[in-house]
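Biologist: Please take a close look at one part of this model, its interior, and tell me how the residues there are brought together along the chain. I would like a connected account rather than a list.

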Amino acid sequence: MALYSVRKARECWSFIRALHKGPAATPAPQVSEHTQLSWILTCMVRLPRLQHLHQWKAKAAKQKHGTVGLLTYPVLQAADILCYKSTHVPVGEDQVQHMELVQDLARSFNKKYGEFFPLPKSILTPMKKVKSLRDPSVKMSKSDPDKLATVGITDSPEEIVQKFRKAVTDFTSEVTYEPDSRAGVSNMVAIHAAVSGLSVEEVVRSSAGMDTARYKLLVADAVIEKFAPIRSEIEKLKMDKDHLKKVLLVGSAKAKELACPVFEEVKKLVGIL
């Protein structure tokens, strides 16, 4: 399992490095302070609070018997954030509720042990949630069993075209943005706006007179164009495993350097010798 996790970490890191062109960021796959702080925070949250989270209820329903790891995962997320005294966190709309839990845990800790953790705020992009291509009433998810529902950055142009061609819209051919009544077409417009940098209004105006069948292919082309350089960089990075391993080790060391003094102070405050 540990080897699998490291392999997945390297794969994910190749994605991150392809997107991140600035100074090396700090992944933390081997920073024990995260799990240690998570245990302390778990002792400060009640069971009903975690069972109330939307993602727990949705995933537990699919799995029939949700695991304790799944239930407490949002607390580990909180530890990931608080271990660095983060003040702002970029998240999708589906993670806003988890960020509220982070804030609640920080407040509880501060109330009991004195002001220590900042209350981190969520940073949302204009497109807060990408919807499924097959069911626009739910978010796009990597774990969706319908492979046509989700577009991956590493998908080939042919796969992307196929997925958008099969995307659910409706029987009205006009391109409009009406999320409440035309969720499928509105999802296409939102994706188009996100990858093109245009506003929703600009996208709708530029698509006037185009039927939805043609429009879906236009959106597919825009996605392909946006992903092409990222996909190319990912493939290049995946070939250089030694470089990815080095980046992970350097990033982990830097993350530990930041997290360690914070957790040492936490231990003093809660009375752990």
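Modeller: From one end of the sequence to the other, the chain follows the pattern α-α-α-α-α-β-α-β-α-α-α-α-α, and it has 11 helices and 2 strands (DSSP runs numbered from the N terminus, H or I of at least four residues for helices and E of at least two for strands). This is a predicted model, in which local features need pLDDT of at least 70 and side-chain atom pairs count only at pLDDT 80 or more, whereas totals for chains, interfaces and linings use all residues. Residues are numbered from 1 along each chain as its sequence is written, and side-chain values use heavy atoms, with hydrogens and water left out.

Of the 273 residues of the chain, 37% count as buried (under 20% relative accessible area with a 1.4 Å probe and protein chains only; exposed is over 50%, and partly exposed lies in between). Among contacts (heavy atoms within 4.5 Å) with a separation of 6 or more, 66% join residues 24 or more positions apart.

The largest nonpolar core (buried Ala, Val, Leu, Ile, Met, Phe, Trp, Tyr and Cys residues joined through side-chain atoms within 4.5 Å) has 31 residues. The residues with the most contacts inside this core are L37, L41, L50, L82, L105, F117 and V266. At least two of its residues are supplied by each of α2 (32–42), α4 (54–63), α5 (68–82), α6 (96–113) and α11 (241–270). Apart from this core lies another one, of 23 residues, which includes F164, V203, M210 and A222.

F117 is a useful place from which to examine the larger core. Leaving aside residues up to four places away in sequence, F117 touches L37, L82, K85, A106, F109, N110, V262 and V266. Of these partners, L37, L82 and V266 are themselves among the residues with the most contacts inside the core.

One of the partners of F117 is K85, which is found in the loop between α5 and β1 (88–90). With a relative accessibility of 33%, K85 counts as partly exposed. Its backbone deserves attention too, since phi of K85 is near 50°, a positive value in a residue other than glycine. Most residues other than glycine have a negative phi.

Two further residues belong to helices that supply this core. The place of K267 is in helix α11, and at 17% relative accessibility K267 counts as buried. K267 and Q36 are 231 residues apart along the chain, yet their C-alpha atoms are separated by 9.7 Å.

M99, for its part, is placed in helix α6 and is buried, with a relative accessible area of 3%. Again leaving aside residues up to four places away in sequence, the residues that M99 touches are I81, V89, V91, P120, K121 and S122. For S122, which is 23 residues from M99 along the chain, the separation of the C-alpha atoms is 6.8 Å.

Taken together, the picture is of a core of 31 residues to which α2, α4, α5, α6 and α11 each supply at least two residues. F117 touches V262 and V266 as well as L37 and L82, while K85, another partner of F117, is partly exposed. The buried K267 and M99 sit in α11 and α6 respectively.
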